[in-house]
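Trainee: Could you take one small part of this and walk me through it slowly, along with whatever surrounds it? I'd like to see how you build up the picture.

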Amino acid sequence: MPLYEFRCESSHVHEVMLPINAEAREATCPACGGASVRLISSARLGRLGSDRAQLIERTQASADAPGVVDRIPGTGSGNSAPTTTDPRHARLPRP
Ligand SMILES: [Zn+2]
């Protein structure tokens with residue numbers, strides 16, 4: 001879903017993620033609670049592939065097609081790198 005920019009009467013600009021066919025032209029400003037109107041802005045094609053865009057895409061994809069794992073992450077073969085170098089931690093009881 002694309003992000004739409006809204007500006008309130010107090011000039012706060014905020015973004016709202018709406019379906020591409022949404023007809024919402026007004027929203028409530030999260031900063032002051034006032035009415036805000038949708039702005040006409042250019043598509044942010046330059047942001048595609050950014051960390052934020054990738055996070056949004058992964059989050060949306062996890063709702064429809066969550067990743068399936070067959071073991072607990074961090075266990076199994078090949079992942080025995082110690083997480084600490086403190087020798088006292090080696091003496092702690094193990095499950
Ligand atoms: Zn505002």
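Mentor: Let's start with a cut-off: a residue is called buried if its relative accessible area is under 20%, and exposed if that area is over 50%. Keep in mind that this is a predicted model. Now take serine 36, which comes out at 0% relative accessibility and therefore counts as buried. Of the 95 residues of the protein, 13% are buried.

Where does serine 36 sit? It is in strand β4. To place that strand, step back for a moment. The protein has two helices and four strands, and reading from the N terminus the elements go β-β-β-β-α-α. The four strands make an open sheet in the order β2-β1-β4-β3, with antiparallel pairing. At its edges are β2 (13-17) and β3 (26-28), each of which pairs on one side only. From one strand to the next, the twist averages 40°. As background, strands in a sheet pair through backbone hydrogen bonds, in either a parallel or an antiparallel way.

Now the neighbours of serine 36. Setting aside residues up to four places away in sequence, serine 36 touches Phe6, Arg7, Cys8, His14, Arg25, Glu26, Ala27, Thr28 and Cys29. One of these neighbours also makes a polar contact: the side chains of serine 36 and histidine 14 are joined at 3.0 Å. We can use the rest of that list as a route through the sheet.

Begin with β1. Strand β1 and β4 run antiparallel and are joined by three bridges. Phenylalanine 6, which serine 36 touches, has arginine 38 in β4 as its bridge partner. Go the other way from β1 and you reach β2: strand β1 (residues 3-8) is joined to it by five bridges, again antiparallel. Here tyrosine 4 is the bridge partner of valine 16, glutamate 5 is that of glutamate 15, and arginine 7, another residue in contact with serine 36, stands opposite valine 13.

Between β1 and β2 is a loop, and serine 11 lies in it. This hairpin has four residues between its strands, and serine 11 takes a positive phi near 65° there, although serine 11 is not a glycine. Unlike what we saw for serine 36, the relative accessible area of serine 11 is 51%, so it counts as exposed.

Next, look at arginine 25 on the contact list. This residue is found in the loop between β2 and β3. Arginine 25 and serine 36 are 11 residues apart along the chain, and their C-alpha atoms are separated by 8.4 Å. Leaving aside neighbours within four places in sequence, arginine 25 is in contact with Phe6, Ser36, Val37 and Arg38. Notice that Phe6 turns up in the contacts of serine 36 as well. Is arginine 25 buried or exposed? Its relative accessible area is 52%, so arginine 25 is exposed, even though it touches a serine with 0% relative accessibility.

That leaves two cysteines on the list, Cys8 and Cys29, and they take us to the metal. The zinc ion is coordinated by Cys8 (SG), His12 (ND1), Cys29 (SG) and Cys32 (SG), at 2.1 to 2.3 Å. The angles subtended by the four donor atoms run from 102 to 114°, which makes the arrangement tetrahedral. Along the chain the donors follow the spacing C-x3-H-x16-C-x2-C. Cysteine 8 in strand β1 and cysteine 29 in the loop between β3 and β4 (35-38) are 21 residues apart, so this pair links distant parts of the chain. Cysteine 8 and cysteine 29 are both buried. For the wider picture, among contacts between residues at least 6 apart in sequence, 31% join residues at least 24 apart.

To pull it together: serine 36 is a buried residue in strand β4, with a polar contact to histidine 14, and it touches two of the residues that coordinate the zinc ion, Cys8 and Cys29.

Notes: Residues are numbered from 1 along each chain as its sequence is written. This is a predicted model: local features need pLDDT of at least 70, side-chain atom pairs count only at pLDDT 80 or more; totals for chains, interfaces and linings use all residues. Side-chain values use heavy atoms; hydrogens and water are left out. Two strands pair if DSSP finds at least two bridges between them. Axes are lines fitted to C-alpha atoms, for helices over the stretch in contact, and angles run from 0 to 180 degrees between N-to-C directions. Donors are N, O and S atoms within 2.8 Å of the metal (3.2 Å for Na, K and Ca); water is not among the atoms, so sites may look incomplete. Four donors count as tetrahedral if all angles lie between 85 and 135 degrees; four count as square planar and six as octahedral if opposite donors are over 155 degrees apart and all others between 65 and 115; anything else is irregular. Buried means under 20% relative accessible area, exposed over 50%, partly exposed in between (1.4 Å probe, protein chains only). A polar contact is a pair of N or O atoms within 3.5 Å; within protein, one must be able to donate a hydrogen and the other to accept it, and residues adjacent in sequence count only if both atoms are side-chain atoms. Contact means heavy atoms within 4.5 Å.
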